[in-house]
There are 2 protein chains.
Amino acid sequence: MKSTEAACQYELMAARDALEVIQGKWRIPIVISLTYGTKRFGEIHRDMPDISPKMLSQELKSLEENQIITRTLYDRMPVTVEYSLTPLGQSLQNLLVELRNWGKHFRKEIVGK
Amino acid sequence: MKSTEAACQYELMAARDALEVIQGKWRIPIVISLTYGTKRFGEIHRDMPDISPKMLSQELKSLEENQIITRTLYDRMPVTVEYSLTPLGQSLQNLLVELRNWGKHFRKEIVGK
DNA sequence: CCGAATCCTGTTTGATACTG
DNA sequence: CAGTATCAAACAGGATTCGG
C-alpha cells in the first residue's frame, strides 16, 4: 500500500500544479479561443460574450503572468492590443483535446440521454 | 472566418460541458485518488488531508450526481461507505494523464526555473 | 469511524457605468 | 478599442457541533 499511496501523492501534486494555472470558469475557454490564432481583446470577447470585461481582463492578466499567453500593445490610433499563445500555452493542446473529447463523451452519455 | 468561428464555438461548448463536471479545487484530486481503487471516506481524506469533511462530502455527492463515482453503503457496525469510479469516471483517465503531464511540464518550465 | 447540519466568512464573480 | 472603477451577488471554504 505504501507505494500506491506515494504514486497517488505524486499524481495529486502534478494535477494541482496544472489546476492552479488553468482552473476557473474562463481560463481554458480563453486559451481555446487563442488556439485559432492571435486575437484582440474584443475578438476574444466576441467568442465568449458571457464574460464581463473585468473578468476577461483579469483572466488574461493571470494567463500572462503564468506565461501561457503574451500581450502585445500597438501604439496606434485607436489603441490595439493583441494576445497570443506562448509555446507553453500551445503545449496545452493535448490536454485541451482530451478535455473536449471527454466533454463530448459526457454529453452523449448523460446530458443528451 | 465563418468556419473558424464555428469550430471555435463548438470546442468551447464541449470544453464547457467537461469543465462543469470536473471544475473546482477538489473534484479532480478525488477522482485521482479513486483511480487507485475503491476507497472509504477516511481513506480519500488521508490522500488529501487539506480538505474539510464537509467539502469532501459535498464534492463526493456532486461527483455521484454526475455519475462519475458510485457510493455504496454497507450496513455493518461501524457503518462503512465505499466510493469507486464508474465507467464514466474511468473514462476520465486520458484527460487526467494529460493533466498530470502538463503539470509536470509546467513545473519544470516555470515553477522550478 | 463516517459522515450530516448549521453557521459564518472571505474570495470570486458579475452588472453596470465610465475613461484614455 | 481596451480596458478600469464601483458596488452587489454568489459561492467556496472553514469551524463547530451532532448522530448512527
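Student: Which side chains meet Glu43(B) in a salt bridge, and how is such a pair recognised?

Tutor: A salt bridge is a side-chain nitrogen of Lys or Arg within 4 Å of a carboxyl oxygen of Asp or Glu. In this predicted model, the side chain of Glu43(B) meets that of Arg40(B) at 3.9 Å, N to O. Glu43(B) is partly exposed, with a relative accessible area of 29%; buried means under 20%, exposed over 50% and partly exposed in between, with a 1.4 Å probe and protein chains only. Arg40(B) also counts as partly exposed, at 40%.

Student: On what conventions do these values rest?

Tutor: Residues are numbered from 1 along each chain as its sequence is written, and chains are lettered from A and ligands numbered from 1 in the order in which they are written. Local features need pLDDT of at least 70, side-chain atom pairs count only at pLDDT 80 or more, and totals for chains, interfaces and linings use all residues, while side-chain values use heavy atoms, with hydrogens and water left out.

Student: How many salt bridges are there over all chains, and which residue of chain B pairs with Glu11(A)?

Tutor: The count comes to ten over all chains. Glu11(A) pairs with Arg100(B) at 2.9 Å, N to O. Because Glu11(A) lies in helix α1 (residues 2-22) of chain A and Arg100(B) in helix α6 (residues 93-111) of chain B, this pair joins two chains; helices are DSSP runs of H or I with at least four residues, strands are E runs of at least two, and both are numbered from the N terminus. Glu11(A) is buried, at 18% relative accessibility.

Student: How are the two copies of the chain related?

Tutor: Two copies of a chain are related by a rotation about an axis and a shift along it. Here a turn of 180 degrees and a shift of 0.0 Å along the axis lay chain B on chain A with an RMSD of 0.1 Å. The relation is therefore as by a two-fold rotation axis. The superposition is by least squares on C-alpha atoms of residues with pLDDT of at least 70 in both copies.

Student: Which polar contacts reach DNA strand D?

Tutor: A polar contact is a pair of N or O atoms within 3.5 Å. A polar side-chain atom of Ser57(A) lies 2.7 Å from a phosphate oxygen of DNA strand D, and a side-chain N or O atom of Lys54(B) is 2.2 Å from a base oxygen of that strand.

Note on methods
A polar contact is a pair of N or O atoms within 3.5 Å; within protein, one must be able to donate a hydrogen and the other to accept it, and residues adjacent in sequence count only if both atoms are side-chain atoms.
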